[in-house]
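Subject: Structure handover

Hello,

Here is the structure we talked about handing over. Please load it first, then read on for what turned up in it.

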Amino acid sequence: MYDLASDEQTVWKEHAREAMDGKLSPRSSLNGIRSALRAHFHFYMGGLTAGLGKRQEAWDWFKEGALEEDGIFNAIMASYLERHNGRFYLPEKIFADPRDYEHFTTVPTIVSMREKFLRFASSSLPRFAGPLTVLDVGCGDGSLLVLLLQRLIKAGRAQEINRAILVDSSAPMLEVAAGKLRKAFPDLTVDPRHGRIQEHAAYLPAGIDVALLSLAYHHMPWDDKAAHLREMSDKVNHLLLMEMDGDNDTPQLGSPELAVSVYQSYGPLIDAIFAHDAPITVTQSCVDNFVMAEVISFLTQSRGQRNDYHMLRGQWTRIFGENLTGHHPRGEATVLASDGCEFFACHWSR
């Protein structure tokens, strides 16, 4: 994982000013930019110019950046602009079509990540004597929760699942998840709640045994995360988190450090999605309506407006420690590490 030193950030900003003044082009020598970060810098400049409506300049930066990289991120950005008349287009809702999410969860890299998370979670959680009440925040299609509960039962850590509270902002996804839970556990009480956790945290019942926060709690900035963790603190006994290890919360719009973090976090994901064997229309839809939606939000929306705020694992440790009253860390594991893109899991409990 690459980080920019303060003097490098200064150089990047100076180069950006020169580019905006027409004194620096995508084919310039880029003195002061580390060779390993040249593709990152092209991505940074492509994002800046596209955000300002400079369509041709943005395309040129991304296109030239594609020649500097081992992956395909800059090339995908150039292609995206070509297919959208030079504009960054944000879909109204990520994963509005559940098929995009289902494709993402079948990408081999993601399948492996989920399996590592399940092994970590099922070994970290204790044996539960009574029927479980579980909460899944940002449940998606519900498949991860089904697999986790089946794993706990098989390992003898749970005997019965009593109630599953599902929270998701996508009504179609929530319907799919509820159906999967009911099919897997016919006697289970399924409690679907449409919306974001920000709308439901204060109204959750007490006595939740396990809360699953899988790739969902990053959709709010630091202060909001802290507030809703405090609301859940005395209602949840065990909290399982799986998230991207990325510095995408506090950096501001247009900053070099945000561009570097986004480039190295999302680039390998895009590579993996396109490498997965599927019809190009499905792959393209998954990237455009999921990954690119998050990337474009980072490149065009100010902090407080954008919809994603990934944090470094040390920041997660701090925010949990400060806001989960009476909870303590029980374990942590890296579940995906690929070319600067890392995901981790952690378990906090009373």
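Start with two phenylalanines. Phe 43 and Phe 62 are both buried. This is a predicted model, so read every value below as computed from predicted coordinates.

**Aromatic contacts**

The whole structure has 12 aromatic pairs. One of them joins Phe 43 and Phe 62. Their ring centres are 6.2 Å apart, the planes make an angle of 55°, and the pair counts as tilted. Phe 43 belongs to helix 2, while Phe 62 sits in helix 3 (residues 55–66). With their positions 19 residues apart, the pair links distant parts of the chain.

There is also an aromatic cluster. Its members are Trp 12, Phe 41, Tyr 44 and Trp 61. Keep Tyr 44 in mind, as that residue also lines the largest cavity.

**Confidence**

Mean pLDDT for the protein is 93. A score of at least 70 is reached by 98% of the residues. Strand 1 (residues 132–137) has the highest confidence, with a mean of 98. Helix 5 (residues 98–106) has the lowest, with a mean of 80. As a general caution, predicted coordinates should not be read in detail where pLDDT is low.

**The cavity**

How many cavities of 30 Å³ or more does the structure hold? The count is 1. The volume of this largest cavity is about 70 Å³. Helix 2, helix 11 and helix 12 (280–300) each give two or more residues to its lining. Helix 2 makes the largest contribution, with 3 residues.

The lining residues are Tyr 44, Gly 47, Leu 48, Leu 253, Gly 254, Ser 255, Leu 258, Ala 259, Phe 298 and Leu 299. By class, 7 are nonpolar and 3 are polar. No charged residue lines the largest cavity.

**The second largest pocket**

This pocket holds about 410 Å³ of space. Its lining has 20 residues. Closest to the centre are His 40, Asp 70, Gly 71, Tyr 263 and Asp 339. Helix 2 (38–51) and helix 11 (256–275) each supply at least two lining residues. Helix 11 gives the largest share, 5 residues.

The class make-up of this lining is 8 nonpolar, 6 polar and 6 charged residues. So charged residues do appear in the pocket lining, whereas the lining of the largest cavity has none.

**Cysteines**

How many disulfides are there? The count is 0. The cut-off is 2.5 Å between cysteine sulfur atoms. For Cys 139, the closest cysteine sulfur is in Cys 286, at 17 Å, so the two are too far apart for a bond. For Cys 286, the closest is the sulfur of Cys 341, at 14 Å, which is again too far.

Are these cysteines buried or exposed? Cys 139 is buried, at a relative accessible area of 4%. Cys 286 is buried as well, at 0%.

**Backbone points to check**

As background, most residues other than glycine have a negative phi. Two residues here have positive values.

- Asn 85 has a phi near 55°. Asn 85 is placed in the loop between helix 4 (73–83) and helix 5. With a relative accessible area of 60%, Asn 85 is exposed.
- Leu 215 has a phi near 50°. Leu 215 falls in the loop between strand 4 (208–214) and helix 10 (222–233). With a relative accessible area of 25%, Leu 215 is partly exposed.

**One arginine**

Where is Arg 193? Arg 193 lies in strand 3 (residues 189–194). Is Arg 193 buried or exposed? Its relative accessible area is 16%, and buried means under 20%, so Arg 193 counts as buried. Its C-alpha atom is 44 Å from that of Ser 6. Along the chain, Arg 193 and Ser 6 are 187 residues apart.

That is the handover.

Best wishes

Terms used. Residues numbered from 1 in each chain as written. Predicted model: local features only at pLDDT ≥ 70, side-chain atom pairs only at ≥ 80, totals over all residues. Heavy atoms only, no water. pLDDT = per-residue confidence, 0-100. Helix = DSSP H or I, 4+ residues; strand = E, 2+ residues; numbered from the N terminus. 1 Å grid on protein atoms, 1.4 Å probe; cavity = no way out; pocket = protein on both sides within 12 Å on 5 of 7 lines; lining within 4 Å. Points joined across faces, edges and corners; volume = space filled by probe spheres on them. Nonpolar A, V, L, I, M, F, W, Y, C, P; charged D, E, K, R; others polar. Buried < 20%, exposed > 50% of the residue type's maximum accessible area, 1.4 Å probe, protein only. Phe/Tyr/Trp six-rings, centres within 6.5 Å; stacked < 30°, edge-to-face > 60°.
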